[in-house]
Amino acid sequence: MQQIADWLKKLGMSEYVRVFAENRIDFSVLRDLTDQDLKDLGVVLGDRRKLLRAIANIDKSPMVAPEPVLSSARPTTAATAAAEAIGERRHLTVMFCDLVGSTSISAQLDAEEWRDLVGSYLDAASEAVTEMDGHVAKKLGDGLMALFGYPVAQENDVERAARAALSIQRALAEMNRKNAAAGRPALNARIGIEIGLVVTDATGEIYGDAPNVAKRVQALAEPGAIIVTARVQRQIAGLFVAEERGSHELKGVPEPVTLFRLVRASGGGRRAGQRHLTSLVGRDEEIAMLMRRWERARQGDGQLVLIVGEPGIGKSRLIEEFHERLRDTPHTWVEWSCSQLLQNTPLHPIAEWGRRRFGGADLPAERQLSDLENTLALIKLDPAENVPLLAPLLDIPVPPECRPILSPEELRRRQLAALTNWVMAGARAQPVVLTLEDLHWADPTTLDVLRGIAERGALTPLFVLLTARPEFRPSWGARSHHGAISLVPLDRQQVRHMVGELAARHAWAKEVIEGVTERAGGVPLFVEEITRLLLERGEQGGIHAIPPTLQQSLTARLDRLGPAREVAQIAAVIGRGFSYPLVRAVAKMEDEALQTELERLAEADILLVQGLPPESEYRFKHALIQDAAYENLLKSRRQALHRRTGEILRDQLATAAAAEPEVLAHHFTQAGLTEAAIEWWGTAGQRSLARSALVEAAEQLKRALEQIATLPATPPLRREEIKLEVAFANALALTGDLVGGKEHYDRALAIYDPAEHRPLTTRSGRDVGVTLLSFRSSCVWQLGYPTASRNDAERAVKNARETGHQITLIYALNRAATSYTFCGDYAAAHAQIDEVIALADEKGKALGTLVRGRLFALTGNASDAVRAITSGITSLRATGATLYEPFHLWYLAMAYAQIGQTDDARHCIDDAIDKVARSKEKWCEAEVHRIAGEIALGSPQPEDAKAETYFERALAVARQQQAKSWELRAAMSMARLWRSHGKSQQARELLAPVYGWFAEGFDTLDLKEAKALLAELA
């Protein structure tokens, strides 16, 4: 059957694997299939035509791959390498089953008898595996390896593996019972199960740790035992009774592995775990609607509500919350649940409920029958008539003499009628809530029962509450007492609230919470599982990983797509969002075929689409779906697709490339094209700097430098490295990482050789060496080195004059004026600015005017300062420049305060604080808050408490940035405030250590003022 499965998968029709297996269709009968046969199997018209064509050509095509075998080594031949290139990565559940003591048993038997005995066991084990949609990958003497999730994943593959293992042990017990009568020895098997990432190739080879771990776990099991790892146990907790077997060292596995012994199925219908991590979020309207419907049902106006939503959206959670709200209200709660494993087992939800309600095999049949009789009598149904009909449906054994003698059709009719009457009679005795979950997996007979209840429940105190996925279509007609709830994803605020509750004891950064919000896509289950993974692994290890609990369902969802799955994988490489022209070029598909598959992805709720091809735009609805599609690709395939995507963007979609250079940089990085990646990361970083997107610029430039570090040093690469180091240092310094900025300024200067690199210019056309010194001048002043700052500024101006390059000289003079201003040498600053204004163009004059305005504010010419700074800001804004606005605004606020325009001063400083927060231009954050404090003190009604808060913030920021010069200013402001409140001792204790840290610059204004203030405080 595996060959048929592989053949169907090759045709993109893996959704039919199960129905072919159930009808025992293999290659021996394939050629005899007719259109009517395929129609009877449920194959839609278009796929029937494709299958018939493929069957007609079957002799012309190579058959599917042979059975997989276990291998612990990498393939080495060209043939196997080529096969692997078209393989894939999959998360599989691997089961190893082996007989215990087979050597001694075989010695007791004739070889032929031993062969038959082992063959019977392997046949039974293989049947148990295939019944659970598993795949027998290899028969290893008297053992076997089985895979679940290959070639097509199901969302409960781990559960299927566990049930298959229990079935093997039951089959073996039955074999032993029969063999004992014939005098044959008993066989004992031990089984190990593990899940993990493997690579499969076109030859069926399996590579990865999971098979080896499963084999070693099996070797640790006692005879007759099933042992699973902790990873398996987490996936099936609640569905099976398990005993912990402690932590074990496994050969070849770096960390100890906790093992569990699987005892039996628990009878529970759901996977357990931390289901109630948080209160219900964002479902107030839905709960209110259910409560209103419930009140109507209680009054005898029966209700039916169908809750529809995608997996993980919270259908079951909504029912649980509703159940909790009914705690103090008399009612009967009946809970039926459908199972994906039992879709073809009639009335399986009722049988499972009956086992839970009446005790199942744990209680004697007589006691269960007595309980059923009493239950029916209480609601005035005749036990003699109904028990023989209902007991078999509830998996309660009935004595042979009590079984009704009826034809199968008549028996079925009476049983369904009895079941419906039981529900109705129970509701008349006390209001009933009947829940039936996962209707998309319901068997046809259960749907028949539900149809009868839906049509007859209008005049009964009965509330029928159903859940289903969007693909489910009710088989009953709509009635006035029927309703529906369509659950939508949570909005971003609701997700943040949910994450906040889940991680209440963890102080996560806003960026981490936003990362969860983005990846979860508003699906509550995704939010819970991603958050749980973060709590387990930490922010770095978990934020981009797919939670193991979701891996199965996401892979199964992709496998159900058929040929569209490959388009989803290609799109996943392109990115979360992509255009039709781009995916068409990368996929190399004809329009008709591509549009068909994209439509299928949209219908399956994988993609969101806007517009019509060829202008359409697409976006993955959930980041986790994109990640799952991406992870299924071999790394070699990913690399090839990244390369193709990057080259198409660069060569055919230049406009898109220019708008998002970081996208090309990402693709070339993943493709291993290092030089192209350096180019585009650098372009992206410079572009972000120009747009004042400082945090993004720092990350992009860092990526460029990381790529450079992987290549041998060459003169062209050195030149590129210097320019990138300057830009990266600027981005770091501007965002407040002054220490990091200085480190990279120093690094760039260390490799800068004037003789070789003097021709180099920055993006703005300035000499790189002069630019480096000018930027470092400002950085080192903030770090507390005023003398070094002046030295760098003077060297920069000297070198600029030597270049004879006017743009470079204007820049050096401007930056030098700022350094002199910081140091309090206003006369020197004026001299630099006078020269700037004489040399500069309009933009340069605007900058010069701003610096002159700052000097006016510092030297008592407040009115002139307001005019000059306002004019300079207006001129710069006209050019689109926004960098350094907080810097300009704090001086404007100072000037307004000096001329008594307090409201204007507050407005300017508030604007500066807001711009620092939004632009992340944090180099001046401490000084902006200090100025805000001074303005609060200088207002007509001084606000001392507010000022103290601002000064505290200024001190905290300065200390965090190690910005000693800003810290000195903030300490002086706070010391003056405390002195005015009679706290001179505390003021001195604050200021003295800061002043004492300095080792240079004692002739500068700030240090002179600090010395004088300390003397006054003494």
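1. Contact here means heavy atoms within 4.5 Å. Helices (H or I, at least four residues) and strands (E, at least two) are DSSP runs, numbered from the N terminus. Please keep in mind that this is a predicted model, where local features need pLDDT of at least 70, side-chain atom pairs count only at pLDDT 80 or more, and totals for chains, interfaces and linings use all residues. Residues are numbered from 1 along each chain as its sequence is written, and side-chain values use heavy atoms, with hydrogens and water left out.

2. A good place to start is the open sheet, where 5 strands follow the order 10-11-12-9-13 with parallel pairing (two strands pair if DSSP finds at least two bridges between them). Strand 10 (332–337) and strand 13 (482–486) are at the edges with a single partner strand each, so one side of each has no neighbour in the sheet.

3. Next, look at how strand 10 meets strand 11 (residues 432–437): they run parallel and are joined by 6 bridges. Glu335 has Thr435 of strand 11 as its bridge partner.

4. Two helices are worth finding next. Helix 18 (residues 444–456) lies across strands 9, 11, 12 and 13, at about 140° to strand 12. Angles run from 0 to 180 degrees between N-to-C directions, with axes fitted as lines to C-alpha atoms, for helices over the stretch in contact. Helix 13 (residues 315–325) also packs on the sheet, touching strands 9, 10, 11 and 12, and its direction makes about 155° with that of strand 12.

5. Finally, which residues does Trp890 touch, not counting residues up to four places away in sequence? They are Ile909, Cys924, Glu927, Val928, Ile931 and Trp966.
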